[in-house]
Amino acid sequence: MRSGWIEGVALRGLHFLDAENAHRVTVLALKAGLISGGNTSADPRLTSSFWDLEFPNPLGMAAGFDKNAEVPDALLNLGFGFTEVGSVTPRPQPGNPRPRVFRLPVDEGVINRYGFNNDGHTAMRKRLLSRKRNDGIVGINVGANKDASDRIADYVAGITEFADMASYFTVNISSPNTPGLRDLQARSALADLLQAVVSARDLCADKAERRVPLLLKIAPDVVDEDLKDIVEEVLEKSLDGLIVSNTTVGRDELAGTGPHQETGGLSGRPLFRKSTAVLARARKLAGPDLPIVGVGGIDSAETAWTKITAGADLLQLYSSLVFKGPALIGEILSGLADNLDHYGYASLREARDLNVDVWASEEI
Ligand SMILES: Cc1cc2nc3c(=O)[nH]c(=O)nc-3n(C[C@H](O)[C@H](O)[C@H](O)COP(=O)(O)O)c2cc1C
């Protein structure tokens, strides 16, 4: 789908399908090489390095699109600087009954209650081993089975299973669709979890020939006191970064009618303000050195730039692709480079935090 016109027609065609079938068709089209990018040679000023990884550009595909690692290379080829597969749980699980994902076209939002449907560790490992490319940054987002008797053990199992193939790990304790999962954000539970995943990562350092960076992905629905506890634990346990944020259970910012009261996590444009405010608060609590990935409602170069000025080092998106298609990736990257020209900055790092105070004081 090289021409914008064909892409537009295809996107409208997909919207005749229900959201889950449209997603499946898109993954199959990516697999078949029917969707290709895009801006793969972004401006060199957009490159950055975090941990032991060189990011060709700051924009990543967020978790949940490629839950089973079917298309990491196709996503990188679209122009993303990195991609995150999962969430993956030790054993395969079917997730919640359908329908479980809903588009909100007026609001440009998505509600999902998939509930970690995925093929499990063994299938994902096999797929990642069969990748044709062995370059490109592919993070692995690990979760816990719904019926796990010991959730922490499930995260540890994910780290042990994939330490030799993950560019980085995301520990996802913020999905609203697995009952009780977000309780792991409470301080004492979080301390135990982080201790366990850091130890597991360190134990695998020989096999992996590196200490795989460990990031924690948090919900936007945390009150300030809880956020402070979370960031303190992250710093105390020397985690490598934060991802802010997952979907919200809030419904405050919706204008349209339709399935907007469906249970699940809301993402896309209506999540932008809240997730950006939490990002800025997290940046202020964490200080300048902790890498933070900003995600939630990025749908343009302007919203991507805003995340950076609110404290993000790297960016991810998902929902806006549903409404705008893959041409958005190139648009965001060239818009970021234009902003560097406009303000006379040599890198995005110079723009980071410029509006962090304003965003941190945003009421949520
Ligand atoms: C359909 C769907 C499925 C998702 N599945 C996951 C998941 O399995 N694990 C996870 O950490 N986040 C998941 N997310 C959350 C996204 O990674 C992202 O944090 C959130 O959607 C906010 O970004 P956006 O507004 O750009 O979509 C999912 C989001 C959507 C829309």
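Colleague: What makes the pair formed by a polar backbone atom of Gly297 and an oxygen atom of the ligand a polar contact?

Modeller: In this predicted model, the two atoms are 2.8 Å apart. The cut-off for a pair of N or O atoms is 3.5 Å, so the pair qualifies as a polar contact. The protein also covers 98% of the 610 Å² of accessible area that the ligand has on its own.

Colleague: Which polar atoms of Ala63 and Lys67 lie by an oxygen atom of the ligand, and at what distances?

Modeller: For Ala63, a polar backbone atom is 2.7 Å from a ligand oxygen; for Lys67, a polar side-chain atom lies 3.0 Å from one. Both values fall within 3.5 Å, and therefore both pairs count as polar contacts.

Colleague: Why are Ser87, Gly268 and Ser319 called residues near the ligand?

Modeller: They are among the closest of the 24 residues that surround the ligand. Membership requires a heavy atom within 4 Å, so each of the three is near the ligand. Strands S4 (82–88), S6 (109–112) and S11 (265–268) each supply at least two residues of this shell, whose classes are eight nonpolar, 14 polar and two charged.

Colleague: What makes Glu70 and Lys132 lining residues of the second largest pocket?

Modeller: Both are among the residues nearest the centre of that pocket, out of 17 that line it. A lining residue has an atom within 4 Å of a pocket point, so Glu70 and Lys132 meet this condition. The pocket has a volume of about 320 Å³. Helix H3 gives the most to its lining, with four residues.

Note on methods:
Residues are numbered from 1 along each chain as its sequence is written. This is a predicted model: local features need pLDDT of at least 70, side-chain atom pairs count only at pLDDT 80 or more; totals for chains, interfaces and linings use all residues. Side-chain values use heavy atoms; hydrogens and water are left out. A polar contact is a pair of N or O atoms within 3.5 Å; within protein, one must be able to donate a hydrogen and the other to accept it, and residues adjacent in sequence count only if both atoms are side-chain atoms. Accessible areas come from the Shrake-Rupley method with a 1.4 Å probe; for residues, only the protein chains shown count as cover. Ala, Val, Leu, Ile, Met, Phe, Trp, Tyr, Cys and Pro count as nonpolar, Asp, Glu, Lys and Arg as charged, and the others, Gly among them, as polar. On a 1 Å grid over the protein atoms alone, a cavity is a set of points where a 1.4 Å probe fits but cannot get out, and a pocket is an open set with protein on both sides within 12 Å along at least five of seven lines; lining residues have an atom within 4 Å of a point. Grid points are joined across faces, edges and corners, and a volume is the space filled by probe spheres set on the points.
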